[in-house]
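Me: I would like to learn how ring pairs and strand pairing are read from a set of coordinates. Could we work through one case together, slowly?

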Amino acid sequence: MIDRDIVVVGAGPVGLTAALAVRATGRPVTVVEAGAADRIRPGSRAIFLHKVTLEVLERIRPGLGWALVERGLTWRTKRTFFRGREVFRRTYGAAPPGMLPAATSLPQVVTEAVLLDACHDARVDFVWNYDVTAAQPSAEGVRLQPSHGAPLTAQYVIGADGARSAVRESAGLELEGPRTSSAFVIVDTAEDPADPLPVERVFHYEHPNVGFRNVLFVPFAGHWRVDLQCHPGDDPEAYSSDAGVRDWLACVMPEKYAGRVTWVSTYIFRQAIANRFADATARILLAGEAAHVFAPFGARGLNSGVADAFVAVRAIDRALRDGTAAARAAVEEFATARGAAAERNRAASSKALRHLEAASAARRVVRHAAALVAPSLPAVGSWMDRAPYGPPLGDADRDGMYY
Ligand SMILES: Cc1cc2nc3c(=O)[nH]c(=O)nc-3n(C[C@H](O)[C@H](O)[C@H](O)COP(=O)(O)OP(=O)(O)OC[C@H]3O[C@@H](n4cnc5c(N)ncnc54)[C@H](O)[C@@H]3O)c2cc1C
C-alpha cells in the first residue's frame with residue numbers, strides 16, 4: 001500500500017522548488033529533510049539567479065520571482081581588467097517597469113528562506129530530521145528508509161538531496177565526470193553601508209597586486225563575493241587562512257574589507273553528471289546537485305536545478321494523470337531532456353574554466369593579444385568580459401528551459 005503520490009527528498013533550493021511545483025498542480029506533496037526545521041545552512045554558495053530562473057519561479061508561483069528580486073541586488077555595470085588595465089566597461093539600462101531584471105544577486109540562504117516561506121504558504125508538508133538512508137523502488141512506487149523513524153512510501157520520489165545523494169546511490173545511479181585541477185579561494189565580505197563601493201561586477205585577469213592571479217568581484221545583497229584563482233602549485237590553505245585572506249584581500253579591496261569577511265572556502269570543482277536522471281523503474285527522478293555538479297562559472301548549478309525540478313514535476317504530473325502506459329515515457333522524456341541540459345551546462349562551464357586556466361601557451365597568447373586590442377575593438381573587449389562565464393544562452397529547449 002503506497003502512502004503518498006509524491007515525496008521530495010531534500011529541502012535545499014531545488015527540493016523546495018520541486019515541492020512548490022507540485023503544489024502548483026494541486027497535488028499534495030511531502031518534503032523529507034535530514035536537517036532540523038531551525039537549521040542554519042553552512043556556507044554562502046549560489047549568489048546569482050538568472051532572469052529565466054525567476055521566470056520559471058513566477059510560472060510555478062506568481063510573485064515568487066519578484067519576492068527574490070526584492071531581496072536581491074541587480075548590478076548593471078560590468079568591468080574587465082587585464083593586468084590592471086581596463087579592457088571593457090558597460091552599463092546596461094534598468095529593466096522596464098513590470099519586467100523582471102536580467103538577474104538578481106542574493107545569498108543562497110536568503111533564496112532558501114523565501115522558497116521555504118512560499119512552501120509554508122502553499123501548505124507543503126515537511127518531515128524534518130528525516131535522514132534517508134535508502135530509496136527502494138518497485139513497480140508500484142518507492143520505499144524511503146530513514147536512519148530513525150518509520151519508512152514512507154510514494155508513487156514517485158524526487159531526489160533533491162544534494163551532491164552526496166543517498167537517493168541516487170541506492171537507485172544505482174552514479175555521478176560521472178572529472179575534478180578540475182585549479183583551486184579557488186572564495187570569500188564573502190560585508191559591504192560597508194556607510195561608504196558602499198560602486199555596484200559593479202569586476203573581473204581582473206592577472207591582477208598585478210596578487211601575483212597576477214585572476215580575481216572576480218561580484219556584489220550581492222549586503223555583500224561582495226571575491227574569487228581568487230590560485231596558480232598551479234599554490235597551497236590554497238595559505239590563501240584561505242585568516243592571515244592569508246587578510247593579506248591578499250587588502251591588496252585588491254579597501255583594507256577595511258579584510259576585517260568584514262563573513263565566509264571563506266576553498267574549492268576544487270567537480271564537473272560531474274549522473275549517468276541517468278531516473279532509475280530503471282522510472283519511479284525516482286533526480287534534480288539539482290543530486291544529478292549534476294558544475295564549477296560555478298556561469299552560475300548554472302542552482303539555476304539549472306530549478307529547471308530540473310520544474311520539468312520533473314511536469315513529468316510526474318503527466319505520469320499520474322495518464323496512467324501506467326504513458327508514465328514511463330513521461331519520466332524517460334524528463335531524464336533525456338535534463339541529461340542533455342546538464343551536458344550543455346557542463347560544456348559551458350568547462351569552456352569558461354579552460355579560458356580562466358589558460359593552461360596552454362597558445363591560450364595565453366590569444367588572451368594577451370585580445371587585451372592589447374580590446375580598448376579599440378569593442379567586440380574583443382566584450383569577448384574578454386564574457387569568456388570567464390562560458391558561452392551566452394542558446395535557444396530554449398523543447399521544455400522551454402535555457403539551462
Ligand atoms: C561557491 C559556490 C558558488 C555557487 N554559485 C552559484 C550561483 O551563483 N548560481 C547557481 O545557480 N549555482 C551556484 N552554485 C551551486 C549551488 O549552490 C547548488 O547548485 C545548489 O545548492 C544545489 O541545490 P540542491 O537543492 O540541489 O542541493 P543542496 O543545496 O545541497 O540541498 C540538498 C538538501 O538535501 C538534504 N539532504 C542531504 N542528504 C539527505 C538525506 N539523505 N535525507 C534527507 N535530506 C538530505 C540536505 O540537508 C539539503 O537540505 C554555487 C556553488 C558553490 C559551491
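Reply: Let us settle one term before the rings: a residue is called buried under 20% relative accessible area, exposed over 50%, and partly exposed in between. Please keep in mind throughout that this is a predicted model.

Me: With those limits, is Tyr267 buried, exposed or partly exposed?

Reply: Tyr267 has a relative accessibility of 24%, and therefore counts as partly exposed. Phe269, in contrast, has a relative accessible area of 9% and is buried.

Me: How is a pair of aromatic rings described?

Reply: In general, one gives the distance of the centres and the angle of the planes. Searching the whole structure in this way yields ten aromatic pairs. One of them joins Phe82 and Tyr205, whose ring centres are 6.0 Å apart and whose planes make an angle of 45°, so that the pair is classed as tilted.

Me: Which parts of the chain does the pair of Phe82 and Tyr205 tie together?

Reply: Phe82 belongs to strand S4 (residues 77-82) and Tyr205 to strand S13 (residues 200-207), so the contact ties together parts that are 123 residues apart in sequence. Phe82 counts as buried at 4% relative accessibility, and Tyr205 counts as buried at 0%.

Me: What kind of pair do Tyr267 and Phe269 form?

Reply: Tyr267 and Phe269 form a stacked pair, with 5.1 Å from centre to centre and 5° between the planes. Both residues also belong to a cluster, linked by ring pairs, that contains Phe184, Trp263, Tyr267, Phe269 and Phe297.

Me: Which charged residues lie over a ring?

Reply: Arg83 has its charged end over the ring of Phe212, at 4.3 Å from the centre of that ring. Arg283 lies over the face of Tyr156, and there the distance to the ring centre is 4.8 Å.

Me: Turning to the strands, in what order do they follow one another in the open sheet of seven strands?

Reply: The order is S5-S4-S13-S14-S15-S12-S16, and the pairing is mixed. Strand S5 (85-91) and strand S16 (261-267) are the edge strands, each of which pairs on one side only. On average, and with direction ignored, neighbouring strands of this sheet are turned by 10° against each other.

Me: In what sense do strand S14 and strand S15 pair, and over how many bridges?

Reply: Strand S14 (residues 213-220) pairs with strand S15 (residues 223-229) in the antiparallel sense, over six bridges. As a point to look for in the view, Val218 stands opposite Arg225 in S15.

Conventions:
Residues are numbered from 1 along each chain as its sequence is written. This is a predicted model: local features need pLDDT of at least 70, side-chain atom pairs count only at pLDDT 80 or more; totals for chains, interfaces and linings use all residues. Side-chain values use heavy atoms; hydrogens and water are left out. Rings of Phe, Tyr and Trp (its six-membered ring) pair if their centres lie within 6.5 Å; planes under 30 degrees apart count as stacked, over 60 as edge-to-face and the rest as tilted. Helices (H or I, at least four residues) and strands (E, at least two) are DSSP runs, numbered from the N terminus. Buried means under 20% relative accessible area, exposed over 50%, partly exposed in between (1.4 Å probe, protein chains only). A charge sits over a ring if NZ of Lys or CZ of Arg is within 6 Å of the ring centre and within 35 degrees of the ring normal. Two strands pair if DSSP finds at least two bridges between them. Axes are lines fitted to C-alpha atoms, for helices over the stretch in contact, and angles run from 0 to 180 degrees between N-to-C directions.
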